[in-house]
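Me: I should like to learn how to read a protein model feature by feature. Where should such a reading begin?

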Amino acid sequence: MSSTTDVGLSDAGPPQGARAPSGLEPAAHKLLGQLGTGDRGEASREPRPAGGSAVHEVTSVGVSVLLAEPRGFCAGVDRAIEIVERALDKFGAPIYVRHEIVHNTYVVNDLKAKGAIFIEDLEEVPPGATLIFSAHGVSRAVQLEAAARGFQVFDATCPLVTKVHVEVAKLHKEGFEFIMIGHKGHPEVEGTMGQLEGGIHLVEDVADVARVRPAQTEKLAVVTQTTLSVDDAAQIAAAIKARFPNVREPKQQDICYATQNRQDAVKLMSAQVDLVIVVGSPTSSNSNRLAELSRKLGTPSHMVDNADELQPQWFEGAQRVGLTAGASAPEILVNQVLERIKALGAVSVRKMDGIEETVKFPLPKGLKPRLPSPGR
Ligand code: SF4
């Protein structure tokens with residue numbers, strides 16, 4: 001293990017402002033007792049500092065944390081949040097956002113506090129208001145309704161989702177029908193399927209492929225949700241190809257770079273740890289896929305929306321804990337979860353070597369920062 005950072009006694013407490021769940025400290029204390037035979041030897045007991053928490057008594061229980069790289073925010077999420085924040089700055093509250101801008105409770109609550117109002121139905125938006133479409137994208141029907149109602153619209157759809165929409169529209173003009181691999185009811189799937197009035201057949205798994213009834217099989221194309229399990233999607237795509245050998249597959253997979261990179265990191269990480277914690281909200285597709293992937297690879301995994309959701313019993317017997325975050329989970333939550341794991345007994349933190357993501361998407365016109373005047 002390289003570049004290890006020891007976590008000292010003073011680091012072991014919860015972060016400022018983080019709430020400690022009731023009952024966690026006694027449970028953590030029990031856990032620390034159970035973890036007393038870690039790779040740094042017996043748990044050492046030090047005098048309890050006056051007023052200190054019981055968990056601070058034990059400082060070396062041998063649990064190490066491996067931080068996934070990359071993890072957390074992707075370029076599409078960064079851009080979507082920035083669009084809402086810039087719109088709030090420029091036009092003032094309230095700013096209406098159709099659907100959660102990204103699937104993360106913390107992000108949504110933070111933007112609500114700043115003046116964003118999240119709605120599902122455009123009828124809830126008053127005339128003349130500013131409306132933002134979420135990163136997941138919207139159907140043509142929603143785009144047309146927003147235009148008809150005369151809202152000032154900013155589109156925070158991730159450009160990688162828009163790319164799929166553009167491809168669907170282009171191939172539709174050439175007479176193609178589509179098989180979409182995705183999760184029924186997910187807003188991205190609704191948005192992509194809603195680019196056409198019909199002719200897109202959704203499959204969620206290999207079994208669904210046998211049930212697809214296209215009107216013709218000469219011009220069939222596959223599209224996928226961007227945040228799927230790379231391996232599951234490949235299996236389903238292979239089943240589609242086996243049933244429809246002439247099917248047109250995307251030149252480049254629709255699954256986005258961020259989903260791919262985070263899954264690749266979990267594949268590497270899960271082989272090195274006893275437990276994987278994923279920071280992400282229950283509605284986040286790509287976060288769910290990370291926890292699911294770890295379990296498939298034989299390493300237990302739990303997803304948490306925040307540090308309070310960590311259960312001390314998950315760590316029983318675990319000497320090495322992996323920590324990652326879905327593409328919509330902010331780093332502040334990762335830090336809070338890390339602090340909580342430290343409070344539960346972790347003594348070292350190591351960052352994985354991983355891909356450095358440099359992708360950046362431009363903001364829509366009207367929300368771009370002004371260029372400085374020449375000579376200033
Ligand atoms: S997860 Fe992928 S598709 Fe979704 S916002 Fe991020 S980059 Fe875009």
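Reply: One may begin with the contacts of the whole chain. Among contacts between residues at least 6 apart in sequence, 76% join residues at least 24 apart in the protein chain. The model is a predicted one.

Me: Which secondary structure does the protein chain contain, and what share of its residues is buried?

Reply: The protein chain comes to eleven helices and 15 strands. Of its 376 residues, 44% are buried.

Me: How should I read the length of a helix, taking helix 2 as the case?

Reply: The span between the end C-alpha atoms is set against the span expected at 1.5 Å a residue. Helix 2, residues 75–91, has 17 residues and reaches 24 Å, close to the 24 Å expected. Helix 9 can be read in this way too: its 14 residues should span 20 Å, and its end C-alpha atoms are 20 Å apart, which agrees. Just after helix 2, glycine 92 takes a positive phi of about 80 degrees.

Me: Which residues of helix 2 are buried, and what covers them?

Reply: Burial is read residue by residue, and then the covering elements are sought. In helix 2 the buried residues are Gly76, Val77, Arg79, Ala80, Ile81, Ile83, Val84 and Ala87. Their cover includes strands 5 (95–98), 6 (116–119), 7 (130–133) and 8 (152–155), together with helix 3 (105–114) and helix 5 (159–173).

Me: In what order do the strands of the four-stranded open sheet lie?

Reply: The order of a sheet follows from its pairings. Here the four strands of an open sheet run 6-5-7-8, with parallel pairing. Strand 6 and strand 8 are the edge strands, each pairing on one side only. On average, neighbouring strands of this sheet are turned by 25 degrees against each other, direction ignored. Within the sheet, strand 5 and strand 7 pair over three bridges in the parallel sense, and tyrosine 96 has leucine 131 in strand 7 as its bridge partner.

Me: How do I read the surroundings of the ligand, and which residues come nearest?

Reply: One lists the shell, then asks which elements supply it and what its chemical character is. There are 15 residues around the ligand, of which Cys74, Gly76, Cys158, Thr226 and Cys256 come nearest. Helix 2, helix 5 and helix 9 (257–270) each supply at least two residues of the shell, and helix 2 gives the most, with three. Ten residues of the shell are nonpolar, five are polar and none is charged.

Me: Which residues of helix 9 are buried, and against what do they pack?

Reply: Buried in helix 9 are Ala258, Thr259, Asn261, Arg262, Gln263, Ala265, Val266, Met269 and Ser270. These buried residues pack against strand 4 (63–67), helix 8 (230–243), strand 12 (275–279), helix 10 (285–296) and strand 14 (320–325).

Me: How are the two faces of a strand to be read, and are those of strand 14 covered or open?

Reply: In a regular strand, side chains alternate between the two faces of the sheet. Both faces of strand 14 are covered: Arg320, Gly322 and Thr324 are buried on one side, and Val321, Leu323 and Ala325 on the other. Six of the six residues of strand 14 are buried, so this strand is largely enclosed by the rest of the structure.

Me: How many bridges does strand 14 form with strand 4 and with strand 12?

Reply: Strand 4 and strand 14 pair in the parallel sense over four bridges, while strand 12 and strand 14 pair, also in the parallel sense, over five. Glycine 322 in strand 14 stands opposite leucine 66 and also opposite valine 276.

Terms used:
Residues are numbered from 1 along each chain as its sequence is written. This is a predicted model: local features need pLDDT of at least 70, side-chain atom pairs count only at pLDDT 80 or more; totals for chains, interfaces and linings use all residues. The expected span of a helix is 1.5 Å times one less than its number of residues. A residue is buried if 20 or more other C-beta atoms lie within 10 Å of its own, exposed if 12 or fewer, and partly exposed in between; C-beta atoms are placed from the backbone. Two residues are in contact if their C-beta atoms, placed from the backbone, lie within 7 Å. A residue is near a molecule or strand if its C-beta atom, placed from the backbone, lies within 6 Å of it. Ala, Val, Leu, Ile, Met, Phe, Trp, Tyr, Cys and Pro count as nonpolar, Asp, Glu, Lys and Arg as charged, and the others, Gly among them, as polar. Two strands pair if DSSP finds at least two bridges between them. Axes are lines fitted to C-alpha atoms, for helices over the stretch in contact, and angles run from 0 to 180 degrees between N-to-C directions.
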